[in-house]
Amino acid sequence: MALIQKNLVDRVGTITLDNRKSHNALSGELIGDVLRAMDELLKDEARVLVLRAPAGAKVWSAGHDVKELPTDGRDPLTYNDPLRQVIRTIQEVPVPVIAMVEGSVWGGACEVVLCCDIIVAAEGSSFAMTPAKLGVPYDIAGVLNFMQRIDLPIAKELLFTAQPISAERALDVGFVNHVVPIAELETATAELAAQIGRNSPLAIALLKEQLRVLSTATPLTPEGFERIQSLRRKIYDSADYREGLRSFFEKRPPVFQGK
Ligand code: YXS
């Protein structure tokens, strides 16, 4: 059973995350459905993609499926992790991807939204970046994505506090493009998509790839990469990482010992 809905109208493809029982947690299964839908919509010559939750959703997505985070000493966010795959796909597909957000957005889902090309958020929506709350050693590509979208002091506050910020604050700090009343969310998104769909798909595809290649040209030495990976390995091998996940399942605040 698909955990998403898909439709295509006037070359605008819409993918609705629709796994309500786990608040659209980004499980491998849900992300597999999203990736298949994106592929099908592009084959049907969609010129814009919209990623959304069902109308009235209180939670856009609860982030990475915590049940799928390994606790046996394996890296929880490797290159082939479904979350990493869907983020790379959003960044690499040759059409603009618009995140249409209502409700709360958590953890890895914040990065998914952030890596969409344009974000239209409803008043009352919120964003929480949660690695520090769960003790998760976030991956380099993910941190770079946050750095590219948000000024460093703001990214540090959001990541270190792991607290939700409002759509209005997100607009102030440049995290989202537009904040609109919930009643106008679909219309505002559709108008934006239609404007883009009337322009040259070839020129837009080139512009998107130019912006991706030029914005990701970040100098990272092999030594710097290895050093960060060794720091991450210490964390996903730590008691704190296991405590973070255990506290989530036991529905209690984590007690981190710093080891
Ligand atoms: O207890 P049952 O079986 O009914 O399941 C509950 C939750 O366990 C489940 N659920 C999730 N399952 C897997 N992964 C998740 N991320 C997740 N979130 C929720 O959904 C059922 C209903 O949840 P419940 O009872 O808490 O609903 P609620 O309405 O009281 O609260 C909704 C939320 C979203 C505020 C609450 O579920 C919540 O705080 N969820 C976790 C949000 C979060 O911290 N996400 C980060 C996931 S880890 C991640 O994204 C990255 C690895 S990182 O952390 O590094 O950014």
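Here is a walk through the ligand site and then through the way some of the helices pack. Keep in mind that this is a predicted model.

Let's start at the ligand. There are 22 residues around it, and the ones that come nearest are Ala 62, His 64, Val 66, Gly 108 and Thr 130. Sorted by class, that shell holds 10 nonpolar, 7 polar and 5 charged residues. If you ask which helix gives the most to the shell, look at α4, residues 131-134, which puts in 3 residues.

Now zoom in on the oxygen atoms of the ligand. Gly 108, one of the nearest residues, uses its backbone here: an N or O atom of its main chain sits 2.8 Å from a ligand oxygen. Thr 130 is also among the nearest, but in its case the side chain does the work, with an N or O atom 2.9 Å from an oxygen of the ligand. His 23 joins in as well, placing a polar side-chain atom 3.1 Å from a ligand oxygen. As for how much of the ligand is covered, on its own it would expose 990 Å², and the protein buries 69% of that.

Next, step back to the helices, with α2 (residues 82-92) as the one to follow. Take its pairing with α1, residues 28-43: the two axes come within 9 Å and cross at roughly 20°. An angle under 35 degrees counts as roughly parallel, so that is the label for α1 and α2. Their crossing is left-handed.

Then there is the pairing of α2 with α5, residues 140-149. Here the axes are 11 Å apart and the packing angle is about 45°, so α2 and α5 end up oblique to each other. The handedness of this pair is easy to state too: α2 passes α5 in a left-handed crossing.

Methods:
Residues are numbered from 1 along each chain as its sequence is written. This is a predicted model: local features need pLDDT of at least 70, side-chain atom pairs count only at pLDDT 80 or more; totals for chains, interfaces and linings use all residues. Side-chain values use heavy atoms; hydrogens and water are left out. A residue is near a molecule or strand if one of its heavy atoms lies within 4 Å of it. A polar contact is a pair of N or O atoms within 3.5 Å; within protein, one must be able to donate a hydrogen and the other to accept it, and residues adjacent in sequence count only if both atoms are side-chain atoms. Accessible areas come from the Shrake-Rupley method with a 1.4 Å probe; for residues, only the protein chains shown count as cover. Helices (H or I, at least four residues) and strands (E, at least two) are DSSP runs, numbered from the N terminus. Ala, Val, Leu, Ile, Met, Phe, Trp, Tyr, Cys and Pro count as nonpolar, Asp, Glu, Lys and Arg as charged, and the others, Gly among them, as polar. Axes are lines fitted to C-alpha atoms, for helices over the stretch in contact, and angles run from 0 to 180 degrees between N-to-C directions. Angles under 35 degrees count as roughly parallel, over 145 as roughly antiparallel, 65 to 115 as roughly perpendicular and the rest as oblique. A crossing is left-handed if the near helix is turned anticlockwise from the far one by less than a right angle, and right-handed if clockwise.
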